[in-house]
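Hi,

Here is the structure I promised to pass on to you. Have a look at it first, and then read my notes below.

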Amino acid sequence: QKLRLNLQMERNLFVMYLLNQINTVEKAYISDTTYNQYGLKVYSAHFDNKGNLVVKFMVANNSYGKLTKIPKLKITVKDSKKNVVASFKKNSYTINVNSYKSKSYTISIPKSSLKKNKDKIDVRTCTFTISGKDADAKL
């Protein structure tokens with residue numbers, strides 16, 4: 001029974017890879033960010049079963065104090081031809097990252113916000129840009 005479950009999981013992962021075109025890169029680390037700053041980096045993206053674009057990103061806090069929110073968070077997705085295929089904006093994104101730590105977060109960009117059909121978006125060749133204003137910190 002355990003062997004069957006592992007085979008089924010491997011088969012599901014393979015099917016997910018073909019259907020969702022998973023894009024993965026290295027995560028953000030504290031050593032990658034400037035002292036007394038925070039860093040944002042998208043490290044994974046794929047389409048879920050409903051057609052939403054699921055984006056995972058890492059917040060690295062290289063300062064003293066807890067980060068509680070990121071003002072004006074923006075994620076832009078461009079295809080290989082440099083056309084914007086999806087974007088996400090939020091005036092204030094709530095986070096909770098302790099000083100000198102990093103934490104990952106997940107955002108789902110709704111299918112309705114995509115500027116192209118999901119079948120025409122190849123996530124493996126897309127460029128993800130993430131930005132935010134100075135994060136609010138609590139000491």
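Leucine 73 is a good place to start: setting aside neighbours within four places in sequence, leucine 73 is in contact with Leu40, Phe57, Phe88, Lys89, Lys90, Tyr93, Ile107, Ile130, Ser131 and Gly132. Please keep in mind that this is a predicted model.

Leu73 also belongs to the largest nonpolar core, which has 29 residues. Together with Leu53, Phe57, Val59 and Phe128, Leu73 is among those with the most contacts inside this core. Strands S2, S3, S4, S5, S6 and S7 each supply at least two of the core's residues, and the largest share, six residues, comes from S5.

Now on to strand S7 (127–131), where you will find threonine 129. Is threonine 129 buried or partly exposed? Its relative accessible area is 42%, so threonine 129 is partly exposed. Beyond its neighbours within four places in sequence, threonine 129 is in contact with Lys74, Ile75 and Thr76. Threonine 129 and valine 42 are 87 residues apart in sequence, yet their C-alpha atoms are 7.6 Å apart in space.

Finally, the salt bridges, of which there are two. One joins aspartate 79 to lysine 116, with 2.8 Å between the closest N and O atoms. This pair links distant parts of the chain, 37 residues apart: aspartate 79 is in the loop between S4 and S5, and lysine 116 in the loop between S6 and S7. Aspartate 79 is buried, at 10% relative accessibility, whereas lysine 116 is partly exposed at 33%. Arginine 124 forms a salt bridge with aspartate 122, and here the closest N and O atoms are 3.0 Å apart.

Best wishes

Notes. Residues numbered from 1 in each chain as written. Predicted model: local features only at pLDDT ≥ 70, side-chain atom pairs only at ≥ 80, totals over all residues. Heavy atoms only, no water. Core = buried A, V, L, I, M, F, W, Y, C linked by side-chain atoms within 4.5 Å. Buried < 20%, exposed > 50% of the residue type's maximum accessible area, 1.4 Å probe, protein only. Helix = DSSP H or I, 4+ residues; strand = E, 2+ residues; numbered from the N terminus. Contact = heavy atoms within 4.5 Å. Salt bridge = Lys/Arg side-chain N within 4 Å of Asp/Glu carboxyl O.
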